[in-house]
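This report describes one protein chain for a reader who has not seen it before. The sequence and the model are shown next.

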Amino acid sequence: MQRYLYHMVPREMVGQELMPLHQLREISPHLYERYTRKYSDHPERMKLLTRKIPHLNCLWNDVVHFLPIHPFHIYSLLTKLAIDIKENLTFYRIPIQKLAPNQNVIYLYSKDNYQGPAGEIKAEDIKILMTDDYRELTQLPTATIDYFITEKEKGKNFGLFAYIPHILSLGKVRVDDVEIITWNQMIN
């Protein structure tokens, strides 16, 4: 059975590969600036770009980030909570084998260990990922659900992927031949 991970389709891209922000800065400074702008919405978020990733011995902006869960799960919960969202967000649906040439880890993004955007990533929150062992998540973590409910009550903008484990891949990933899905599409 094929196993997938997901990455939001960028509005603008150079070539047919997803690449770390660090590499994008060298190839396309204007795109780098565009895609790092999201980190400036909070005084500490810019520090994410220089956050060290244990076991990979690199920085946050040296890896490509993926979701290990179909984005419909996120869309469905946000819709049930009556949170105003874009209906047509698109994601690459990428077979896990595409990451085989890279070094990969799972960032568990646990609520207990998370120290905010400027805090260090704890080594116990990073697990080496062998692509043959990868399993897609089938439900959102309880911490994510609680986070969405709490942030909705506060009436704030919030992160769509809080406390959802991330797959971090050190290297580029070709996407020229992968399926593009819309997050409001039911899982097939």
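Which residue in E6 does Tyr 4 stand opposite? Tyr 4 faces Pro 95 of that strand. The model behind this answer, and behind everything below, is predicted.

**Overall form**

The secondary structure of the protein consists of four helices and eleven strands. Its C-alpha trace spans about 40 × 40 × 35 Å along the principal axes. A compact globule of 188 residues would have a radius of gyration near 16 Å, and the protein, with 16 Å, agrees with this. Buried residues make up 46% of the 188. Contacts between residues at least 6 apart in sequence were also sorted by separation, and 76% of them join residues at least 24 apart.

**The three-stranded sheet**

Tyr 4 lies in strand E1, which covers residues 4–8. This strand belongs to an open sheet of three strands, ordered E1-E6-E11 and paired antiparallel. E1 and strand E11 (179–182) stand at the edges; each has a single partner strand, so one side of each is left without a neighbour in the sheet. On average, neighbouring strands of this sheet are turned by 35 degrees against each other, direction ignored. In general, the strands of a sheet pair through backbone hydrogen bonds, and the pairing may be parallel or antiparallel.

Strand E6 comprises residues 90–95 and is joined to E1 by five bridges. Four bridges connect E6 to E11, and these two strands also run antiparallel. E6 is mostly covered, with five of its six residues buried.

Individual residues show how the strands are set against each other. On the E1 side, Met 8 stands opposite Phe 91 in E6, while Tyr 4 stands opposite Pro 95. On the E11 side, Thr 90 has Thr 182 as its bridge partner.

**Charges over rings**

Tyr 4 has a further neighbour: the charged end of Arg 93 sits over its ring, 3.8 Å from the ring centre. A second such arrangement involves Arg 51, whose charged end sits over the ring of Trp 60 at 5.5 Å from the centre.

**Aromatic pairs**

Trp 60 leads on to the aromatic residues. The structure holds ten aromatic pairs. Two of them are set out below.

| Pair | Arrangement | Centre to centre | Angle between planes |
|---|---|---|---|
| Tyr 107 and Tyr 109 | stacked | 5.2 Å | 10 degrees |
| Tyr 147 and Tyr 163 | edge-to-face | 5.8 Å | 85 degrees |

The pair of Tyr 147 and Tyr 163 links distant parts of the chain, with the two positions 16 residues apart in numbering. Tyr 147 is in helix H4 (residues 142–154), whereas Tyr 163 is in the loop between H4 and strand E9 (166–170).

Are the residues of these pairs buried or exposed? Tyr 107 and Tyr 109 are both buried. Tyr 147 and Tyr 163 are buried as well.

The two pairs also belong to a wider group. Ring pairs join Trp 60, Tyr 107, Tyr 109, Tyr 114, Tyr 147, Phe 148 and Tyr 163 into a cluster. Trp 60, a member of this cluster, is also the residue whose ring lies under the charged end of Arg 51.

Notes:
Residues are numbered from 1 along each chain as its sequence is written. This is a predicted model: local features need pLDDT of at least 70, side-chain atom pairs count only at pLDDT 80 or more; totals for chains, interfaces and linings use all residues. Side-chain values use heavy atoms; hydrogens and water are left out. Two strands pair if DSSP finds at least two bridges between them. Axes are lines fitted to C-alpha atoms, for helices over the stretch in contact, and angles run from 0 to 180 degrees between N-to-C directions. Rings of Phe, Tyr and Trp (its six-membered ring) pair if their centres lie within 6.5 Å; planes under 30 degrees apart count as stacked, over 60 as edge-to-face and the rest as tilted. Buried means under 20% relative accessible area, exposed over 50%, partly exposed in between (1.4 Å probe, protein chains only). A charge sits over a ring if NZ of Lys or CZ of Arg is within 6 Å of the ring centre and within 35 degrees of the ring normal. The radius of gyration is taken over C-alpha atoms; the globule rule is 2.2 Å times the number of residues to the power 0.38. Contact means heavy atoms within 4.5 Å.
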